[in-house]
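Good morning, colleagues. Please bring up the sequence and the structure, and I shall take you through several of the arrangements to be found there.

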Amino acid sequence: MIAKTYSFSLVGIDAVLVEVEVDLSSGLPTFATVGLPDNIVRESKERVKSALQNSGYHFPSNRITVNLAPAHLKKEGSGFDLPIAIGMLAAMQLLDAARASSVVMAGELSLDGRIKPISGTLPMAIHAREKGYEILMLPAENAAEAAVVEHLAVLPLQHLTEAVEYLNGQKELLPVQVDRKEILSSVASNLLDFDEVKGQEHAKRGLEVAAAGGHNVLLVGPPGAGKTMLAQRLPSILPDLSFAEALETSKIFSVAGLLNGRPLITQRPFRAPHHTISDAGLVGGGQHPRPGEVSLAHNGVLFLDEFPEFRRNTLDLLRQPLEDGRVTIARASMTLTYPCQFMLVAAMNPCACGYAGDLTRPCTCTSYHVQRYRGRISGPILDRIDLHIEVPPVRYADLHSTRPLETSATIRQRVTDANNRQLDRFADEPIYSNAHMKTRHLKKYCQLDAKGQNLLEEAIQRLGLSARAYHRILKVARTIADLERESDLAPHHILEAIQYRTLDRTLF
């Protein structure tokens with residue numbers, strides 16, 4: 001007899017519906033799984049067999065064939081344990097086969113029948129709703145994560161027997177309920193505050209502009225000037241995630257298995273990988289492709305401290321993600337695309353010893369070593385960074401000062417107001433900030449008067465800026481105008497945006 005159940009396979013950060021067919025036929029006792037299963041799926045026969053026997057059910061001594069369709073799609077993960085076990089029981093006529101095929105399910109089985117959590121249940125829930133299913137059965141630990149999807153009843157399961165009793169109408173399972181507004185309104189209490197940073201008013205202003213428009217930033221200064229301290233406080237002034245952004249970010253963390261029981265990611269991610277990170281760790285990939293740090297920083301911040309210490313070929317991998325907002329991983333059997341629209345915040349010393357250009361401490365590097373150190377960052381990568389901010393040593397007067405400093409909450413209010421102006425401006429397009437504007441948007445929203453054009457032309461000629469740098473100046477100027485609640489770009493907006501590009505010549 002043949003029975004059918006339905007489950008999911010993950011492709012990138014999206015789920016694909018998989019039909020699980022279980023056939024029991026006469027012949028020598030064998031258990032064959034077909035449909036491009038990976039090793040984990042092949043091993044499910046041992047978990048399913050033990051789970052059925054230890055839950056009080058008979059394991060058939062028939063020829064068992066499990067087909068996972070579509071056959072051309074590679075099936076990975078342990079989430080097929082539950083649908084295979086339910087399909088086997090339905091084929092043995094121990095439960096209602098029609099009801100079993102009307103729901104979708106996923107879960108890993110332990111040897112005693114307990115149902116363990118799996119990764120990627122959020123994209124599974126989204127796809128189940130898109131396919132018109134009303135009921136999704138998942139491990140209890142994953143239920144809250146999937147329940148954020150509306151118009152879908154997510155039933156939590158602790159044990160295989162619960163699923164069988166529910167499908168036979170012997171037990172009622174209550175869907176998990178979550179308050180989406182309450183989840184999104186939760187604010188982290190452990191964020192660091194800008195009122196702890198003494199001095200560095202110019203750097204704070206630059207980070208405020210970057211946060212308001214989603215711009216990439218390079219912080220350059222000697223050791224101990226506060227570059228890392230400033231970057232760590234950037235999340236405290238970023239605007240709140242919208243529900244669409246939170247859902248997309250949570251999908252990535254769900255696939256990576258990093259939600260850790262949270263229904264949604266409600267704070268913008270802040271990822272700070274070490275400079276020894278591998279290529280696959282940064283942009284994603286590996287034998288079993290996974291999202292890299294650039295994707296885990298989607299809709300958030302990717303902080304690269306000691307920027308020149310990263311391998312140059314690793315940094316050059318950031319070119320496509322910074323330009324396109326997505327990364328494509330090609331393999332012989334598949335091509336995966338992960339979203340990665342993030343703010344790049346990089347910090348570096350001006351030279352190997354850290355004191356080139358310092359007026360108080362002498363630099364011990366020769367000019368050759370200074371140029372060699374700075375040359376670790378390629379021009380194309382530097383060209384994709386919108387703001388270059390110098391972070392000088394903190395003066396004693398600033399360190400000793402007891403005057404109250406501006407808090408992150410105050411800065412965040414200005415950033416949020418500017419971001420709301422951008423959301424209204426791009427209401428009909430999938431753009432959340434000025435940094436993601438295309439050429440057609442620049443022509444429409446970044447028009448300059450004659451004085452502004454002259455200023456920009458002179459800056460390009462003197463600094464030797466590229467066309468990409470020209471566009472980024474316009475984007476930064478648009479953000480500065482939004483912070484000042486101005487509709488038109490004024491010359492002083494252009495001047496402030498230009499001064500954030502001066503490192504193109506003076507440093508590099």
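**Strand pairing and helix packing**

Let me begin with a single pair of residues: Val220 stands opposite Glu390 in strand E16. Before I go further, please note that we are looking at a predicted model.

The wider setting of that pair is the pairing of two strands. Strand E10, residues 217-220, is joined to E16 by four bridges, and the two strands run parallel. Both belong to an open sheet of five strands, whose order is E11-E12-E15-E10-E16, with parallel pairing. Which strands lie at the edges of this sheet? They are strand E11, residues 270-271, and strand E16, residues 387-390, each of which pairs on one side only. As general background, strands of a sheet pair through backbone hydrogen bonds, either parallel or antiparallel.

For the antiparallel case, I turn to the beginning of the numbering. Strand E1, residues 2-11, and strand E2, residues 14-25, pair in the antiparallel sense over ten bridges. Within this pairing, Leu10 has Ala15 of E2 as its bridge partner. E1 and E2 form a hairpin with two residues between the strands, and Gly12 there takes a positive phi near 70°.

I now come to the helices. In general, two packed helices are described by the angle between their axes and the distance between the axes.

Consider helix H21, residues 450-463, and helix H23, residues 491-499. Their axes come within 9 Å and cross at roughly 15°. Angles under 35 degrees count as roughly parallel, and H21 and H23 are therefore roughly parallel to each other. Their crossing is right-handed. On the H21 side, Lys451, Gly452, Leu455, Leu456, Ala459 and Leu463 meet Pro491, Ile494, Leu495 and Ile498 in H23. By class, this contact comprises eight nonpolar residues, one polar and one charged.

The second helix pair consists of H19, residues 408-425, and H22, residues 467-483. The axes of H19 and H22 come within 8 Å and cross at roughly 115°. The crossing of H19 and H22 is also right-handed. From H19, the residues in contact are Arg414, Val415, Ala418, Arg421, Gln422 and Arg425, while H22 contributes Arg478, Asp482 and Leu483. How do these residues divide by class? The contact of H19 with H22 has five charged, three nonpolar and one polar.

To close, I would ask you to return to the view and place the two helix crossings side by side: roughly 15° for H21 and H23, and roughly 115° for H19 and H22. Thank you for your attention.

Technical notes: Residues numbered from 1 in each chain as written. Predicted model: local features only at pLDDT ≥ 70, side-chain atom pairs only at ≥ 80, totals over all residues. Heavy atoms only, no water. Axes fitted to C-alpha atoms, helices over the stretch in contact; angles between N-to-C directions. Left-handed = near helix turned anticlockwise from the far one by under 90°. Contact = heavy atoms within 4.5 Å. Nonpolar A, V, L, I, M, F, W, Y, C, P; charged D, E, K, R; others polar. Pairing = 2+ DSSP bridges. Parallel < 35°, antiparallel > 145°, perpendicular 65-115°, else oblique.
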